[in-house]
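Please look over the structure below before reading on. The briefing that follows begins at the surface and then turns to the overall fold and the interior.

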Amino acid sequence: MSSKAKKAIINIFLDLIEENEYEKISVTMIVDACNISRQTFYYHFRDIEDMLKCVFKEESEKICNQLDVDNWHNSAQEYVGFFNRFDTALRKMLLSSDFVLAYNLIYKSFYEYIADYYISYQETRSAKRNEDGKVEFLISYTASAITGLVIAELQKSKSDYNAILNKLWDNFKLNKK
């Protein structure tokens with residue numbers, strides 16, 4: 001995120017979500033708490049949904065740019081921090097009419113990460129490209145499975161995203177043997 005205003009808007013949203021239901025948070029609440037004009041908010045975002053999509057897209061791109069094919073566990077740790085930061089927002093979105101938005105934010109984030117990992121892996125290993133759609137299916141399937149794990153974690157009283165990452169890492173190590 002480039003501007004201080006954008007960061008302030010996101011931080012205020014995260015503060016407000018701690019005390020309010022997701023559906024009760026409005027642009028007016030955000031701009032009042034930020035002490036900015038509505039124009040400033042709308043300069044950066046169309047609405048709260050657009051704000052969330054923007055944050056998830058930018059965070060995913062940042063994490064993908066740090067991707068290390070030989071040690072994806074370390075770069076995936078960035079997701080743990082990101083999901084910990086947005087845990088309450090995602091929980092409350094899952095309880096709202098925007099359940100699908102929450103699912104899509106999580107899914108698209110993981111889809112991009114897994115696709116970037118696969119592309120980077122191919123480039124570093126000179127792997128043969130899969131032209132028949134199997135790779136697309138596997139990326140989509142894996143992103144859906146991880147999204148399901150995250151949503152299951154969000155339904156617990158306290159999320160432990162490290163547990164998901166460690167299970168994936170342990171399975172990855174077993175499959176490499």
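On the surface of this predicted model, Phe137, Leu138 and Tyr141 form a nonpolar patch with about 360 Å² of accessible area together. A patch joins residues with over 30% relative accessible area and no salt bridge (a side-chain nitrogen of Lys or Arg within 4 Å of a carboxyl oxygen of Asp or Glu), with nonpolar side chains (Val, Leu, Ile, Met, Phe, Trp, Tyr) joined within 5 Å and like charges within 9 Å. Residues are numbered from 1 along each chain as its sequence is written. Because the model is predicted, local features need pLDDT of at least 70 and side-chain atom pairs count only at pLDDT 80 or more, while totals for chains, interfaces and linings use all residues, and side-chain values use heavy atoms, with hydrogens and water left out.

**Surface**
- Tyr141, one of the patch residues, is found in helix H8 (residues 134-154), and at 53% relative accessibility Tyr141 counts as exposed (exposed means over 50% relative accessible area, buried under 20% and partly exposed in between, with a 1.4 Å probe and protein chains only).
- The accessible surface of the protein comes to about 10400 Å², with 50% of that area belonging to carbon and sulfur atoms; accessible areas come from the Shrake-Rupley method with a 1.4 Å probe, and for residues only the protein chains shown count as cover.

**Overall fold**
- The protein has 9 helices and 0 strands, where helices (H or I, at least four residues) and strands (E, at least two) are DSSP runs numbered from the N terminus.
- Taken along the principal axes, the C-alpha atoms fill a box of roughly 55 × 35 × 30 Å, and buried residues make up 42% of the 177 residues.
- Among contacts (heavy atoms within 4.5 Å) between residues at least 6 apart in sequence, 68% join residues at least 24 apart.

**Aromatic pairs**
- Rings of Phe, Tyr and Trp (its six-membered ring) pair if their centres lie within 6.5 Å, with planes under 30 degrees apart counted as stacked, over 60 as edge-to-face and the rest as tilted, and by this rule the count comes to 15 aromatic pairs.
- In one of these pairs, the rings of Phe56 and Phe82 have centres 4.7 Å apart and planes at 75°, so the pair is edge-to-face.
- Phe56 lies in helix H4 (residues 48-65) and Phe82 in helix H5 (residues 72-85), so this pair ties together parts that are 26 residues apart in sequence.
- Phe56 is buried, with a relative accessible area of 3%, and Phe82 is buried as well, at 4%.
- The rings of Phe56 and Phe83 have centres 6.2 Å apart and planes at 70°, so this pair is also edge-to-face; the pair links helix H4 with helix H5 across 27 residues, and Phe83 counts as buried at 2% relative accessibility.
- Phe56, Phe82 and Phe83 belong to one aromatic cluster, which also includes Tyr79, Phe86, Phe110, Tyr113 and Tyr161.

**Buried helices and a buried residue**
- The buried residues of H5 include Trp72, His73, Tyr79, Phe82 and Phe83.
- In helix H6 (residues 87-94), 7 of the 8 residues are buried, so H6 is largely enclosed by the rest of the structure.
- Ile30 lies in helix H2 (residues 27-34) and counts as buried at 0% relative accessibility.
- Not counting residues up to four places away in sequence, Ile30 touches Ile9, Ile12, Phe13, Leu16, Ile25, Phe41 and Ile48, and the C-alpha atoms of Ile30 and Phe13, 17 residues apart along the chain, are separated by 6.3 Å.
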